[in-house]
Amino acid sequence: MRQFPKEFIFGAATAAYQAEGAVNEGGRGPCYWDEFLHRSESRFNGDVASDFYHQYPVDLKLSNEYGLNGIRISIAWSRVIPNGTGEVNEEGLAFYDRLIDECLANGVEPVVTLHHFDTPLSLFHQGDWLNRDNIDHFVRFAEVCFKRFGDRVKKWVSINEPWSVVAGQYIIGHFPPNIRYDVAKAIQAMHHMMIAHAKVVDTYKRMELDGEVGIIHILESKYPITESEEDREAAYVEDVLANQFMLDACLKGTYTTETLAVIERLMTLQQTTLVIEEGDMEWLELASSQNDFLGVNYYASHFLAAYEGESGIHHNGTGEKGTSVFGLKGIGKRVSNPDVPTTDWDWPIYPAGLTDMLVRVHRQYPNYKAMYVTENGMGYKDDLIDGSIDDTPRIDYIAQHLNAILDAIEQGVTVRGYFLWSLMDVLSWTNGFNKRYGLFYVDFETQERLPKKSARWMREVANRRQVI
Ligand code: BGP
């Protein structure tokens with residue numbers, strides 16, 4: 001039976017706003033989600049979430065007991081620098097000291113993200129990543145964290161999923177500031193995020209800390225639904241926008257002519273152009289050889305058809321299967337593939353798309369040093385029956401994706417770890433609490449944790465380093 005390499009990390013992931021709760025404790029300032037999810041129309045908020053702020057010793061003990069040797073956490077920028085700029089909050093730093101020490105005490109390596117969707121509210125109001133000032137504010141925050149925790153944290157992630165951030169903010173509109181179909185803003189903000197990433201990498205390297213630094217991208221394969229030239233073009237354009245633009249930025253350190261041709265056409269559709277300032281490309285180039293790893297988040301792939309109608313998107317945020325719509329004028333429309341099953345939230349379950357993506361990065365960007373699959377998992381409406389949870393469909397999902405990783409490793413790809421989304425059930429940004437991903441079920445009333453069937457299965461997988 002195939003085995004994962006010896007040093008392979010079997011981990012699980014969390015993110016500050018989705019897990020911590022305690023939004024008014026320890027001197028934390030608000031991030032933009034606090035404001036947004038307190039509007040009257042919101043069905044949920046992150047005030048308490050999984051109470052990780054207090055429950056982390058329980059969660060880390062469970063991680064250890066269930067065979068995990070890695071955890072993704074993120075540091076909330078607004079816990080450390082409540083306003084985004086200005087004063088550093090010692091209480092916030094002290095919380096992360098305790099959290100990181102608890103990880104290490106349990107033999108669970110912390111992989112720490114600096115930006116997981118949660119820009120401080122004051123900086124959000126100044127334009128967030130569309131405002132270039134955000135770049136330097138973020139670099140300062142990163143430097144504060146490197147100084148304080150760099151002795152113990154050996155794996156750092158600058159930003160989690162630039163594409164998801166900007167797609168949510170400016171295209172789908174389910175993230176604040178809730179703008180729809182503005183592909184141009186999305187592109188411009190992504191460019192700024194990549195400059196921020198590059199500067200963070202440079203800062204880390206100049207501090208001569210003995211750890212690794214990288215970035216995480218959501219990388220979902222895009223396939224044409226038929227072999228027609230139009231459908232192939234639609235898949236190609238969505239791939240360049242969501243994947244290749246970002247991969248070029250971080251691993252090539254330049255935008256290739258092919259990538260720029262698509263990006264510029266999309267900007268022109270909105271009567272604008274991509275603004276690249278003097279020095280930007282030098283930053284990208286410098287960082288491209290200094291990344292220690294690429295984190296790949298993968299949940300689904302998409303099947304595309306040509307589409308010239310008006311843009312229309314419906315986000316299925318309730319798990320009412322079959323309600324999603326995603327069509328962008330001049331780009332394409334995501335369509336269902338009858339051969340590919342989907343989750344209740346309409347995410348296609350297509351593990352081969354993960355192998356394809358890992359192999360593609362390996363071939364197209366041979367200078368990558370290592371990849372980690374930093375998120376993968378299945379949103380599922382877990383039912384608590386007689387005190388236990390049988391989440392067999394989740395186990396099937398994970399098994400298929402672990403096998404997809406082994407397929408890629410067999411083809412020569414360097415993959416060093418797998419982090420399941422999520423460690424315990426957490427808040428889902430635009431779906432709430434009934435879209436569960438955790439290995440550990442969370443009773444959101446009592447904050448009790450209950451290992452699911454998948455947790456016991458995962459322990460066996462990690463122990464044997466085999467998909468069972
Ligand atoms: C990724 C995010 C995670 C997590 C996950 C599941 O994009 O990095 O924070 O939320 O997706 O997504 P969702 O909660 O929307 O189902």
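## Ligand site and internal cavities

A polar atom in the side chain of N160 lies 2.9 Å from an oxygen atom of the ligand. The model is a predicted one, and two further contacts to ligand oxygen atoms, from the side chains of E161 and E375, are set beside that of N160 in the table.

| Residue | Side-chain atom | Ligand atom | Distance |
|---|---|---|---|
| N160 | polar atom | oxygen | 2.9 Å |
| E161 | N or O atom | oxygen | 2.5 Å |
| E375 | polar atom | oxygen | 2.9 Å |

Of the 380 Å² of accessible area that the ligand has on its own, the protein covers 92%. The ligand takes up the space of the largest pocket, where 14 residues surround the ligand, the closest being Q18, E161, S428, K435 and Y437. By class, this shell is made up of six nonpolar, five polar and three charged residues.

Apart from the pocket, a search of the whole structure finds three cavities of 30 Å³ or more. The largest cavity holds about 60 Å³ of space, and its lining consists of Y299, T343, W345, W347, G377, M378, G379, Y397, K435 and Y437. K435 and Y437 therefore appear both in this lining and among the residues closest to the ligand. Six residues of the lining of the largest cavity are nonpolar, three are polar and one is charged.

The second largest cavity has a volume of about 50 Å³, and its lining includes A16, Y17, E20 and G21, together with V23, R28, G46, A76, R79 and D118. In the lining of the second largest cavity, four residues are nonpolar, two are polar and four are charged.

Technical notes. Residues are numbered from 1 along each chain as its sequence is written. This is a predicted model: local features need pLDDT of at least 70, side-chain atom pairs count only at pLDDT 80 or more; totals for chains, interfaces and linings use all residues. Side-chain values use heavy atoms; hydrogens and water are left out. On a 1 Å grid over the protein atoms alone, a cavity is a set of points where a 1.4 Å probe fits but cannot get out, and a pocket is an open set with protein on both sides within 12 Å along at least five of seven lines; lining residues have an atom within 4 Å of a point. Grid points are joined across faces, edges and corners, and a volume is the space filled by probe spheres set on the points. Ala, Val, Leu, Ile, Met, Phe, Trp, Tyr, Cys and Pro count as nonpolar, Asp, Glu, Lys and Arg as charged, and the others, Gly among them, as polar. A residue is near a molecule or strand if one of its heavy atoms lies within 4 Å of it. A polar contact is a pair of N or O atoms within 3.5 Å; within protein, one must be able to donate a hydrogen and the other to accept it, and residues adjacent in sequence count only if both atoms are side-chain atoms. Accessible areas come from the Shrake-Rupley method with a 1.4 Å probe; for residues, only the protein chains shown count as cover. A molecule sits in a cavity or pocket if more than half of its atoms lie within 2 Å of its grid points.
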